[in-house]
Amino acid sequence: MTGFISKEKQLQLKNTAEALKQNYMDDITIAQRFACEPIEQIADKLGIDRKDVEPYGKNKAKIAANGYKDSKLVLVTAINPTPAGEGKTTTSIGLADALALKGTKVCAALREPSLGPVFGLKGGATGGGLSQIIPMEDINLHFTGDMHAITAATNLLSALIDNHIYQGNKLNLDKDRILWRRAMDTNDRALRSIEVACGEGNGTRRTDGFNITAASEIMAMLCLAKDLNGLKERFGNIAVGFDKSGRLVYARELEAQDAMAILMQEAIKPNLVQTLAGTPVIVHGGPFANIAHGCNSIIATKTAMRYADVVVTEAGFGADLGAEKFIDVKCRIGGLNPDAVVIVATARALKMHGGALKQDLAKEDLTSLQAGLPNLEKHIENVLNKFNLPCVVAINKFTTDTAKEIELIKQACKKYNVKATETEVWAKGGFGAEELADDVLNLINQPRRKVKFIYRDDDSIAVKTEKICKEIYGGKGVEFSPQAQEQIKDIESLGYGKLPVVIAKTQYSLSDDATKLARPTDFTVKIREVQLRSGSGFIVAVAGNIMLMPGLPQVPAANNMKISEEGVISGLF
């Protein structure tokens, strides 16, 4: 295939890369140098029929999910993140552009950003530098309204629950055992625990709380459903709470599923956008990987595979979270089998894992790097030996990295017969990942290895949790709180013991303690509660002090954003 990235775009990318050497430009400034191609032309590159494209303005669209073919699937994951940054999304985008430069019919399949991190600590999720998806302001903010639809459907069910209790409570719901929580797409710790129906005439007063939308069960259901009818069925299966006799009550008993599906009928359609280079990207769904399953929707991934020969997708945070859940949840439910895995690492982040301070990362520090390398090595071992998948390491290169540091990382990977390749996707876009693209093409053209799951369906909830903790995290075992033990007993007695397990834990460490960096050993993962997600079809085991509603940092990103009189935005990264 030729012309996937036009000669004009290639020249523009090279000129911008040259300009970046002379002047620093933030992501918005870089994006403003590139005009979006009409979204119909992006659809044409994939061979999507125009009748299946529903434009949302000139540069984004909803597309129909028409069938599926078994194309090559590349999963991008990373080491455990640090404040130094890893660049997983940026690498995914740069890799897709590099594959396009080589004439590959490629499509990236990524997650939608949540407004919580955008205005909080992490920032946006559209890549950076010359490896961005655009229009980045739209994608990072309201996009096509998917997040708002998920929020609305979640809160509609909450309203129906409280109204049912107020209107006579025919189902005899126990107000103190309601499982369903409200949702909001903002980091707001004040809403973690609240009382509703305060004041006379407003209903039955009870304790409630909010999860961030990305951690809501409807987000998970959207990302695991096969179509709208399947999503509606999942809505009906939501366990909203217990009645006063201890019986589970489901959303279908409140006749909620059709109204919720009506709110989601547009949101379930995948969104088509593009990279700065004009490579097609499908962006759909965005559950967090530390508190949910961390992958874009099955519908989006399979739609991308329907139209492209190679699909580049990612899973959130480190491979212990996103990649494990991609394999054990998404691949299990969706029948997917990745052909190759890319593990993103930076010398800076590995030095932090080895004890270096953030302010010292620009200095060569082979001692700290050597001490941090075991984190990368554990993720390589997991991908090769636990998941049975081939992998390559992408070293996301910074200008302060030294030749000795890069070589040390490469030598560590050689022990596993794994290629480690430098990339410069922020500064050069796809041109900075051409060697990585060659490595990936080499892997995916080998006979496919059958993916291995970490646990069996018929393992108990406790055994599934222990297998993840021992085999993927490298811990010595799991300690369940008395509350968690009772919850497991209840869930299994209700017939849900065969569901996959999603562990909600810190992203910063292989353990459940964010301060234990590199490759900790001899640790026990403490599970404080276990939650049934009967609609999405998995169990959530909550480890450590992880919160399903994050809070804002001392200086939120929102404080640094500006909008001019002309409507020009700055500070949105």
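**View 1. Four strands line up in an open sheet of this predicted model.** Reading across the sheet, the order is S20-S22-S23-S21, and the pairing is mixed. Look to the edges for strand S20 (477–480) and strand S21 (501–504): each has a single partner strand, so one side of each is left without a neighbour in the sheet. Direction ignored, neighbouring strands here are turned by 40° against each other on average.

**View 2. Strand S21 meets strand S23.** These two strands run parallel, joined by 4 bridges. S23 covers residues 538–543. To find your way in this close-up, start at isoleucine 503, which stands opposite alanine 541 in S23.

**View 3. Helix H18 spans residues 461–473.** Its 13 residues reach 17 Å from the first C-alpha to the last, close to the 18 Å expected at 1.5 Å a residue. Which residues of H18 are buried? They are Ile461, Lys464, Thr465, Ile468, Cys469, Ile472 and Tyr473. These buried residues lie on the same side of H18 because they cover an arc of only 130° around the axis. Just after the helix comes glycine 474, with a positive phi of about 85°.

**View 4. Helix H14 packs with helix H18.** Two packed helices are described by the angle between their axes and the distance between the axes. Here H14 (residues 366–386) and H18 pack at an angle of about 115°, and their axes are 9 Å apart. On the H14 side you will find Lys378, Asn382 and Lys386, which meet Glu471, Ile472 and Tyr473 in H18. The residues of this contact divide into 3 charged, 2 nonpolar and 1 polar.

Terms used
Residues numbered from 1 in each chain as written. Predicted model: local features only at pLDDT ≥ 70, side-chain atom pairs only at ≥ 80, totals over all residues. Heavy atoms only, no water. Expected span 1.5 Å × (residues − 1). Buried < 20%, exposed > 50% of the residue type's maximum accessible area, 1.4 Å probe, protein only. Arc of directions from axis to C-beta. Axes fitted to C-alpha atoms, helices over the stretch in contact; angles between N-to-C directions. Contact = heavy atoms within 4.5 Å. Nonpolar A, V, L, I, M, F, W, Y, C, P; charged D, E, K, R; others polar. Pairing = 2+ DSSP bridges.
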